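Dear colleague,

I am passing the structure below on to you, and my notes on it follow. Please read them with the coordinates open beside you.

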Amino acid sequence: MVLVLAIGDLHIPHRAPDLPAKFKSMLVPGKIQHIICTGNLCIKEVHDYLKSLCPSLHVTRGEYDEDSRYPETKTITIGQFKLGLCHGHQVVPWGDLDSLAMLQRQLDVDILVSGHTHQFKAYKHEAGVVINPGSATGAYSSVTYDVNPSFVLMDIDGLRVVVYVYELIDGEVKVDKIDFKKTSTATI
Amino acid sequence: MISDGVEDEEKWLTAGIAGLQQNAFYMHRALDSNNIKDALKYSAQMLSELRTSRLSPHKYYELYMRAFDELRKLEIFFKEESRRSCSIIELYELVQHAGNILPRLYLLCTVGSVYIKSKEAPAKDILKDLVEMCRGIQHPLRGLFLRSYLSQVSRDKLPDIGSEYEGDENTVMDAVEFVLQNFTEMNKLWVRMQHQNKGPKKRTDLNHFGIGQFWHAIGLSGLLGPAREKEKREKERNELRDLVGKNLHVLSQIEGIDLELYRDVVLPRILEQVVNCKDDLAQYYLMDCVIQVFPDEYHLQTLETLLGACPQLQPSVDIRTVLSGLMERLSNYAASSVEVLPEFVQVEAFAKLNNAIGQVIEAQPDMPVFGAVTLYSSLLTFTLHVHPDRLDYVDQILGACVSKLSGKGTLEGKATKQIVAFLSAPLEKYSDIDIALKLSNYPLVLEYLDDRTNKVMSNVIIQSIMKNKTHISTADKVGALFELIKGLIKDLDSGGDDEMDEDDFKEEQNFVARLVQMLYNDDPEEMLKIICTVKKHIMTGGPKRLPFTIPPLIYNALKLVRRVQSQDENASEETTASATPKKIFQILNQTIEVLSTVPVPDLALRLYLECAEAANDCDLEPVAYEFFTQAYILYEEEISDSKAQVTALYLIIGTLQRMHTFGVENRDTLTHKATGYSAKLLKKPDQCRAVYACSHLFWVEDQDGIKDGERVLLCLKRALRIANAAQQMANVTKGSSGSVTLFIEILNKYLYFFEKGNTQITVASIQGLIELVTTEMQSDTATSDPAADAFFSSTIRYIQSQKAKGGSTAEKFEPIKV
C-alpha cells in the first residue's frame with residue numbers, strides 16, 4: 001500500500017495566502033510515500049513545506065513557478081503503475097481530455113496527473129486515467145469559476161489504485177473515492 | 001593576606017564556639033543543681049562570645065544560632081517557678097547585674113519572654129521596656145542579631161486580637177508599636193553598616209604581624225580601596241537583610257491590623273523610615289518587601305501613599321523593578337478573579353500608576369531609554385490585564401512613551417528589544433488587528449525605531465494578522481495598516497540601505513504579498529477602495545518590490561471583477577456605482593503597465609492574458625483586445641529567450657483559443673499573429689508543436705464556436721512540412737534521421753480532429769501518416785527511440801480501441817488499417 005499525494009496550483013503568495021488550515025492539519029509528515037505536484041507553487045517556502053511532508057517530491061513547472069529548473073514533464077513508476085506528471089498549460093486546449101489523452105500516450109503512462117484548470121477531475125478511458133487534483137488553496141483561475149480547495153490522495157496497491165479526492169466545501173472537508181483496476185496487460 | 005583573613009575567621013569562630021560550649025556546659029551543671037546565681041554567671045560568660053567584632057555576618061550567624069539553642073534551654077528552666085526559687089520579677093532584676101551589656105540584654109529578653117507568659121505584668125509594658133533597652137547596643141551587627149532575637153522570642157506573645165495577651169490595657173496598637181519600633185531601630189543599624197569604620201579590626205590585624213611588616217600591611221590594606229570595601233559591605237548587608245525584613249513579615253501576620261490601621265499607621269510609618277534612611281540598598285529591599293508581604297487588596301487601597309514614596313527614594317534605587325513588581329502583583333490579582341476588577345476602577349489604579357511613573361521619569365532625567373520603556377511595558381501589561389476594554393488607556397501609555405522618546409533620536413540596543421516587546425503586547429492581547437489600528441499613538445512609536453527594527457515590527461504585525469486569519473475590511477484600516485508596515489513597503493528615508501540578503505528580501509516581500517490576500521470586503525465599492533489604497537502604497541515600493549506586490553493586487557482585482565460581473569448581469573440599467581468591470585480593468589491596465597519600469601515582461605505578459613480572459617468573460621471586446629495587444633507587444637519586443645518564448649506562446653494560444661468575444665476581424669488578426677510567432681520560433685521541433693497547437697484556434701467545441709476544418713488542416717499540414725524539414729536537417733547534420741516523435745504527435749492531432757468530425761481530415765491522410773511513421777521507424781538510418789516506439793504503439797492501440805467501441809465511432813475508424 002503506497003500513498004501518493006497529488007497536489008498543485010497553490011499559487012502562494014500571488015493568489016492565496018496559505019493552505020487552508022483544515023488541509024494543513026491533515027497533511028502530516030511520515031504518512032505519505034510520494035508527493036507529485038503539478039506546479040505553480042509558486043515560491044520556495046511552499047517547496048520546502050512539501051518536502052518536509054515527504055522527501056520523495058516530484059514537481060513539474062507551472063508558468064508562475066519561481067524555480068525555472070523544474071522539468072516540463074516527468075514520469076515516475078510506483079509499484080505496478082506508471083505515472084506521468086505535467087502542469088498542463090502546455091496542452092492546448094486547456095483541460096481538454098482528448099488532448100491530455102494524447103500526452104498520456106506520448107509519455108506512455110497509466111495515470112496522467114495534470115493541473116492548470118484548478119478543477120478536480122478523475123477521468124477513466126481505455127488507455128488509462130487522467131487526474132487533475134485541482135487547486136489546493138482554491139486559487140483564482142481564469143478557466144474555472146468558484147474553485148474549491150482540493151487535493152488527491154492515491155492509494156496504490158498492486159494492480160489497483162483508489163483515488164481519494166478531498167475537497168473543502170463551505171468550510172467542511174468532503175471526501176470522495178474512485179476505484180481503478182489495471183489489467184495485467186499494461187492497460188487499465 | 002586576604003586569604004589569611006578568612007582562615008583567621010574560621011579560627012575565631014571555632015574558638016568562639018568552643019568558649020560558648022564550655023560555658024554552656026557549666027551553665028547546665030549549675031541549672032541541674034538549681035544554682036541560679038552560677039547559672040546566670042556562666043550564661044553571661046557564654047553570651048560574651050557574641051561580643052566579638054571579628055566575624056563576618058555569615059560566621060556570626062553560626063555563633064548566634066548556638067547561643068540561641070542554649071538560651072532556649074535556659075528559658076525552659078526559667079519557666080518552672082519551683083526550680084528557680086525566686087519570682088519572675090526578682091529574676092528580671094537579677095539578670096541586669098550581668099557585667100557586660102550584650103549578655104545582659106540577651107538574658108533580659110529571655111526572662112522577658114517568660115515574664116510576659118506569666119502575665120504578671122501587661123505584655124505591652126515588658127515589650128516596651130525591652131525594645132527600648134536594646135538601644136544600648138549600637139554596633140550594627142550585634143544590634144541586628146540582638147533585636148532579631150527579641151523579635152523571635154516575642155512573636156507569639158504579641159497582644160494581637162484573639163491572643164491571650166490581649167486585654168484592656170494591651171491592644172493591637174501596642175503590638176504594632178513594638179514591632180514598628182524594633183523595625184525602625186534595626187533598619188537604622190542596618191544602614192549604618194554601610195558607613196561603618198572597620199578600624200578596630202585593622203588594629204587587631206596589625207598586631208598579628210611584626211613591626212617589620214607593619215608598613216607592608218598598611219600599604220596593602222590601602223590597596224583594598226573604597227570600591228572594593230563598598231562591594232564587600234554590600235555583600236554583608238545583603239546577607240543580613242532578611243533580619244530586617246522579618247519585622248514586616250511579622251506585621252503582616254498580625255491579624256488585628258485591618259485596612260484602616262494599615263493605611264493610617266503601619267504603612268506611613270514604614271514608608272517614613274524607608275524614605276528617611278536615604279540608603280538605596282535598604283530602600284530597594286524594603287519597598288519590594290512591603291509589596292510582597294502585604295495583601296494586594298491593601299495595596300490597591302493605599303496605592304497613592306505607596307506610589308507617593310517612590311519619587312522620594314534615592315535616584316540610584318532601581319525603582320523600575322519595584323514598580324514592575326507591584327504592577328505584576330496587581331495584574332495577577334486582577335487575573336485571579338473577576339470580582340476584584342471594579343475595585344481597580346474605584347481606586348483609579350490606572351491613573352495613579354500612570355502618574356507615579358510619570359513622576360519617576362521626570363525625577364530621573366538621566367534614566368536610560370530602555371528603563372522608561374520597561375516601566376511603560378509593565379504598565380501596559382497591567383492595563384491589558386485589568387482594563388482590556390479601555391483602549392484609551394492603552395493609547396495614553398503609548399502617548400506617554402512617545403513623549404519620552406521624542407528628542408532622543410532613534411533607539412538602539414536594549415531599548416529596541418524592549419520596544420518590540422512593548423509594541424507586540426497589544427497585538428497578542430487583541431487578536432483582531434482592527435483594535436491595534438485604532439491606537440492613534442501606535443504608529444508614532446514606530447517612528448522612533450531604526451529601519452531594521454521597523455521591519456521586525458512590521459513582520460510581527462503581519463504574522464499576527466496571518467495567525468488570527470483576520471480580514472481587514474475597510475480602505476481606511478488598510479491605509480492605516482500599510483502606514484504601520486511601511487518599513488516593508490518602501491525604502492525608508494534614512495539612507496544607509498543595509499544590504500539585505502536576497503533570500504530574506506524575497507521572503508519579506510512574499511510576506512507582504514500574502515498580506516494583500518487578507519484584505520477583503522463583501523461590498524464591491526469598499527473592496528475597490530481597498531484595492532486603490534493598496535495600489536497607492538505599493539507603487540512607492542520601487543522596482544525591486546513591484547514584481548512581488550503587484551501580482552496579488554491584480555488577482556484581488558480580478559476576483560472583484562468576477563463578483564461584480566455577476567451583479568452586472570442582474571442589473572440592467574447603468575448604476576452610479578463605480579465598481580464596474582470597466583473601471584476595474586482600467587485600474588488593472590494602469591497597474592500592469594507599471595511593471596514595465598522594472599522590467600519583468602514575462603510576468604506582465606501573463607497578467608495581461610489573465611485580464612484578457614476576464615474581459616472576455618465580461619464580453620468587453622475592446623478591453624480584451626487591448627490586453628492582447630499589450631501582451632503581443634511584450635512578446636515581440638521584450639521576450640527574446642527561446643524557452644521563455646515557447647512558454648509565452650502556449651499561454652497566448654491557450655488563452656486565445658478560449659476567447660469567444662472577438663469578432664471575426666479581431667480574431668483573425670490575433671490568430672494570424674499567433675501562427676506567425678509559432679512559425680518563427682528558433683528550434684524546428686518547437687515551431688512544429690506550436691503550429692499544430694494553433695490548429696485548435698480554428699476549432700472550438702462550444703456550440704457557436706468556430707469550426708473551420710480547412711484552416712485546421714492547413715495548420716496541420718504546415719506542421720508536417722516543418723517536421724519533414726526537421727528530419728532532413730537531422731539527416732544532414734547528424735547523419736541519421738531524427739526522432740519520429742513529431743510525426744507521431746501530428747498523427748495524433750489528425751486523429752483528434754478526425755474524431756471531432758472535421759471532414760477535411762481524410763482516412764487517406766491518416767493512413768499516409770501511419771505508413772510514414774512505420775517507414776521512418778524501420779529505415780536503416782533510424783535511431784532507436786523506445787519512447788517513440790511506445791508512443792506509436794499506444795496510438796495504434798487507441799485506434800484499435802476506437803474501432804472496438806461500436807456505433808458511429810467504430811464505423812468512422814473502421815477503414816484505418818493498422
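Salt bridges within chain B

The side chains of D264(B) and R263(B) meet in a salt bridge, with N and O 3.6 Å apart. Please keep in mind, here and below, that this is a predicted model, and that every value quoted was computed from it. Of the two partners, D264(B) is partly exposed, with a relative accessible area of 46%, and R263(B) also falls in the partly exposed class, at 34%.

A second pair in chain B is formed by K486(B) and E483(B), whose closest N and O atoms are 3.6 Å apart. Here K486(B) is partly exposed at a relative accessible area of 22%, and E483(B) is partly exposed at 41%.

The pair E75(B) and K79(B) is another salt bridge, with an N to O distance of 3.9 Å. Both residues belong to helix 3 of chain B (residues 57–79), and because they are four residues apart there, about one helical turn separates them. The two ends of this bridge fall in separate accessibility classes, since E75(B) has 5% relative accessibility and counts as buried, whereas K79(B), at 41%, counts as partly exposed. As a general point, side chains of opposite charge can pair when their charged atoms come close. Over all chains, the rule gives a count of 36 salt bridges.

The interface between chain B and chain A

Turning to the interface, 50 residues of chain B are in contact with 35 residues of chain A. The area buried between chain B and chain A is about 3900 Å², and carbon and sulfur atoms give 54% of that area. On the chain B side, the residues that lose the most area to chain A are R514(B), Y555(B) and R562(B), which together account for 16% of what that side buries.

The rule finds three salt bridges across this interface. K756(B) forms a salt bridge with D98(A), and their closest N and O atoms are 2.6 Å apart. R514(B) also takes part in a network of salt bridges that links it with D18(A) and K24(A).

In addition, 21 residue pairs are in polar contact across the interface of chain B and chain A, with both residues of each pair at pLDDT 80 or more. The helices of chain B that each supply at least two residues to the side touching chain A include helix 27 (502–517), helix 29 (546–570), helix 31 (601–617) and helix 37 (741–756). Helix 33 of chain B gives the most to that side, with nine residues. Sorted by class, the side of chain B that touches chain A has 20 nonpolar, 13 polar and 17 charged residues.

Backbone and loops of chain A

In chain A, I would draw your attention to N40(A), which lies in the loop between strand 2 (34–37) and helix 2 (44–53). N40(A) is buried, with a relative accessible area of 1%, and a polar atom of its side chain lies 2.8 Å from the backbone nitrogen of Y64(A). Leaving aside residues up to four places away in sequence, N40(A) touches several others, among them D9(A), H11(A), E63(A), D65(A) and H87(A).

C42(A) is found in that loop between strand 2 and helix 2 of chain A, and the peptide bond from L41(A) to C42(A) is cis, with omega near 10°. A cis peptide bond also joins V92(A) and P93(A), where omega is about 0°; P93(A) is placed in the loop between strand 5 (81–86) and helix 3 (97–107) of chain A.

For context, most residues other than glycine have a negative phi, and most peptide bonds are trans. D108(A), although not a glycine, has a positive phi of about 55°. D108(A) lies in the loop between helix 3 and strand 6 (111–114) of chain A and is partly exposed, with a relative accessible area of 24%. D170(A) is not a glycine either, and has a positive phi of about 50°. Its place is the loop between strand 10 (160–169) and strand 11 (172–181) of chain A, where D170(A), at 77% relative accessibility, counts as exposed.

With best wishes

Terms used. Residues are numbered from 1 along each chain as its sequence is written. Chains are lettered from A and ligands numbered from 1 in the order in which they are written. This is a predicted model: local features need pLDDT of at least 70, side-chain atom pairs count only at pLDDT 80 or more; totals for chains, interfaces and linings use all residues. Side-chain values use heavy atoms; hydrogens and water are left out. Contact means heavy atoms within 4.5 Å. Buried area is the accessible area (1.4 Å probe) that two parts lose on being put together, summed over both. A salt bridge is a side-chain nitrogen of Lys or Arg within 4 Å of a carboxyl oxygen of Asp or Glu. A polar contact is a pair of N or O atoms within 3.5 Å; within protein, one must be able to donate a hydrogen and the other to accept it, and residues adjacent in sequence count only if both atoms are side-chain atoms. Ala, Val, Leu, Ile, Met, Phe, Trp, Tyr, Cys and Pro count as nonpolar, Asp, Glu, Lys and Arg as charged, and the others, Gly among them, as polar. Buried means under 20% relative accessible area, exposed over 50%, partly exposed in between (1.4 Å probe, protein chains only).
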